[in-house]
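Please walk me through this structure. I would like an account of its salt bridges, its nonpolar cores and a few individual residues.

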Amino acid sequence: MNSFPSRLKNLSWGLLSLIGWPAIALSQPTPAAPLASNSTAAVVGPIVLRDESVDQVLALLERWSGKTILRPQALPVATITLTLKGNVTRDEAIRALETLLALNGIGISPLDDKFLKVTALALTKAEAPELIDGSTLSLAPSGRIASKVFQLQFLKVTEFMPQIAGLLNPAASSVPVVFENANAALVTDSLTNLQRIETLLAKFDRPHLGNLRAKFYPLHFAKASEVVTKLRTILSGPLQAQLGTSTTYNPDDRTNQVILITDARQYEFFDDLIAKLDTKSDANTRNDVIYLKYAMAKDVASSLTQLVTTQNGAARKNGSESTASGAPTPAATTTPAAPAVANLAPTAPLKLEPTNQFSTLLTVLPEERSNAIIVSGTEGDIRLINELVAKIDIILAQVRIEVVIAEVTLGDNGTTGISALGLKVEGGKLTGYTGATAGATLGNAPIVGSTDLAALIALSTTPRKSNANILSVPTILTTHGKEGKIFVGESRPMISSYLNDNSSVGGNNIGGGYRSTVNSKDIGIQLSVKPLIGNDGSVQLEIKQEVNDILGDITIDGNPQPRIGKRSTESFVTAQSGEIIVLGGMQRTSESRSTSRLGPIPIIGDLLGSRSSEKTRTDLVFFLRPIILTNTSADNAPALERVEQFPVEQRDQVKSVIAPLPQKS
């Protein structure tokens, strides 16, 4: 006995056969015979389905389409209900069934002319659905799942796809595959949604200029690029926001025109503004001579020329690459909004601030004979150059560097000349000393006041430190950034090359032997100091020390040549004005030999006399005290104190030179 569901199925199929549908055997279904190519135009209906199963609907779809259904074992369970009261074609009925199946989570994707693949709707997108090549708008709408590549022309695909994400079917579609370099995207969804996307692209993927119009302004007096630069300066900030991002203006220097693209309602404002900028200017350029007091004309002119060239180059680059006012916005990457009309009164007076940019007419040349610079340019150029010259043509800070060079003989236990002198050095600066004066001994005495540097070193070395010898007490006077040098020693002649003047002619030697080339070599102590003076009273010193000594002789080609020992250091220290910098460590070891004669006989006495050799270690210690000068009489106080120590005759003679007495009337 058949169950109730079986009887219900038989009743449903019986009703279908009564309204003109071919009977379908339930127990042993026979494969559907392929229909003719025009069979989809056959009329069927009316159609009434009531809670039919998926299997029954798929069998009906297979019958109508003439294609074999390929399906998995399990599909989503659903009951299908459909009522078509009028007559429809089989193609329309097939589309209705595809849409109903899609609404119930079942997707249909054709393989070819003979097969239809049926899967769960969520899996259809991964089962190679039909790829539509061409427009989807010519196809009848349905819920069938398909794929299509959308090629965008003007919109950016990375901006458009996120906007339509909410329109896609989350159950049937996958995330669009974006090909950014090609500005295209692959979308898989129902045919109906693909048609919606294509409709939207047809409406929005096109150039949109709105009410924008182009206008050309030929200029009669001003240069186009300069007028555009002025416009960008005037219309920056809030005014640019009122004009809108679609308003652009650019120069065409070839035809000397300003090209404006904006809403036609803004023409009146730009007509008045450009007309006021394009006015005849008498005496557009002039010349001026600026005499310098302290700086060198060649250096100042070079610095100003480099500044002008760099600024004008940057202005041209910003003018061509700026994306602000006056720079074109590519139509292929964005869709400009409808242009806003600025509420700007065309007759309002314009207050133009003085520009701080040099014009392209500016020229700066040095005139070294009178130490001046010649400037040719606009009034604004002359004003800017005068302001700059007033700031750089100033007296540079000066510094007097007192130097004491001492040679200290080290004993067997001595390590450095600084420790042998009993100096207290912290951070490379002298902070105290031990010494002896007449009837008094000082231990760790601090440095107080403007003590004479040479006298200070003498105090710490005499008479207790008899192993110290002050070699030189020079003074360097230089300015900020300028190197000062001192040399203490001698210049010795040395043979640098030999030339054989002997030649043989007919077996006879002709010539006078060898000819030598002699150069001089500085032997001694070289010290160079380059100061950098700060506004806080600090002085940074770049110090180079070099000591050359004669170590002995060596014979080259029968000529004795001196062997020269070289010691050199480079230091970079910072000190406050008046602090004493101590540099040591340039040690040297020398060996001396002596022979004492025995008796009055010269040769025998020398052979039988005693011989001795002695090694001596010495260390050169440099003391430097930088003092920043104030360009007042106080700078001469240390020199005047030394003059007071001269003998009376010499003291009066020096005073008469530096401070001549007024002549009697």
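## Salt bridges around Arg144

Arg144 and Glu130 form a salt bridge in which the closest N and O atoms are 2.2 Å apart. The coordinates come from a predicted model. Glu130 belongs to strand 8, while Arg144 sits in the loop between strand 8 and strand 9, so this pair ties together parts that are 14 residues apart in sequence. Arg144 has a relative accessible area of 15% and is therefore buried, the limit being under 20%. Glu130, with a relative accessible area of 30%, is partly exposed.

Arg144 has a further partner: its side chain meets that of Glu98 in a salt bridge (3.9 Å, N to O). Glu98 lies in helix 3 and Arg144 in the loop between strand 8 (130-132) and strand 9 (145-151), so the pair ties together parts that are 46 residues apart in sequence. Both Arg144 and Glu98 are buried. Glu98, Glu130 and Arg144 are thus named together as a network linked by salt bridges.

Helix 3 also holds a salt bridge within itself. The side chains of Asp91 and Arg95 meet there at 3.8 Å, N to O. These two residues are four apart in helix 3, about one turn of the helix. Asp91 counts as partly exposed because its relative accessibility is 35%. Arg95 is also partly exposed, because its relative accessibility is 22%. The structure holds 17 salt bridges, including those described here.

The next topic is the nonpolar interior. In soluble globular proteins, nonpolar side chains tend to be buried together. The largest nonpolar core here has 25 residues, and Leu61 and Leu97 have the most contacts inside it. Two or more residues of this core come from each of strand 2 (47-53), helix 2 (54-65), strand 4 (79-84), helix 3 (90-103), strand 6 (106-110) and strand 7 (115-120). Another core, of 22 residues, lies apart from it, and Ile476, Leu541, Val547 and Leu624 are among its members.

What does Leu97 touch, not counting residues up to four places away in sequence? The residues are Leu49, Val57, Leu60, Leu61, Trp64 and Leu82. Leu61 thus appears both among the contacts of Leu97 and, with Leu97, as a residue with the most contacts inside the largest core.

A polar side chain can be followed in strand 14 (residues 257-263), where Thr262 is placed. Is Thr262 buried or exposed? Thr262 counts as buried because its relative accessibility is 0%. The side chain of Thr262 makes a polar contact with that of Gln266 at 2.5 Å, and another with the side chain of Thr247 at 2.9 Å. Beyond four places in sequence, Thr262 touches Asn211, Leu212, Arg213, Thr247 and Tyr267. Thr247 is therefore both a polar partner of the Thr262 side chain and one of the residues in this contact list, whereas Thr262 itself is buried because its accessibility is 0%.

Val43 gives a further case, in strand 1 (residues 43-44). Val43 is exposed, because its relative accessible area of 57% is over 50%. Leaving aside neighbours within four places in sequence, Val43 is in contact with Asn87, Val88 and Thr89. Val43 and Asn87 are 44 residues apart along the chain, and 6.1 Å separates their C-alpha atoms.

Terms used:
Residues are numbered from 1 along each chain as its sequence is written. This is a predicted model: local features need pLDDT of at least 70, side-chain atom pairs count only at pLDDT 80 or more; totals for chains, interfaces and linings use all residues. Side-chain values use heavy atoms; hydrogens and water are left out. Buried means under 20% relative accessible area, exposed over 50%, partly exposed in between (1.4 Å probe, protein chains only). A polar contact is a pair of N or O atoms within 3.5 Å; within protein, one must be able to donate a hydrogen and the other to accept it, and residues adjacent in sequence count only if both atoms are side-chain atoms. Contact means heavy atoms within 4.5 Å. A nonpolar core is a set of buried Ala, Val, Leu, Ile, Met, Phe, Trp, Tyr and Cys residues joined through side-chain atoms within 4.5 Å. A salt bridge is a side-chain nitrogen of Lys or Arg within 4 Å of a carboxyl oxygen of Asp or Glu.
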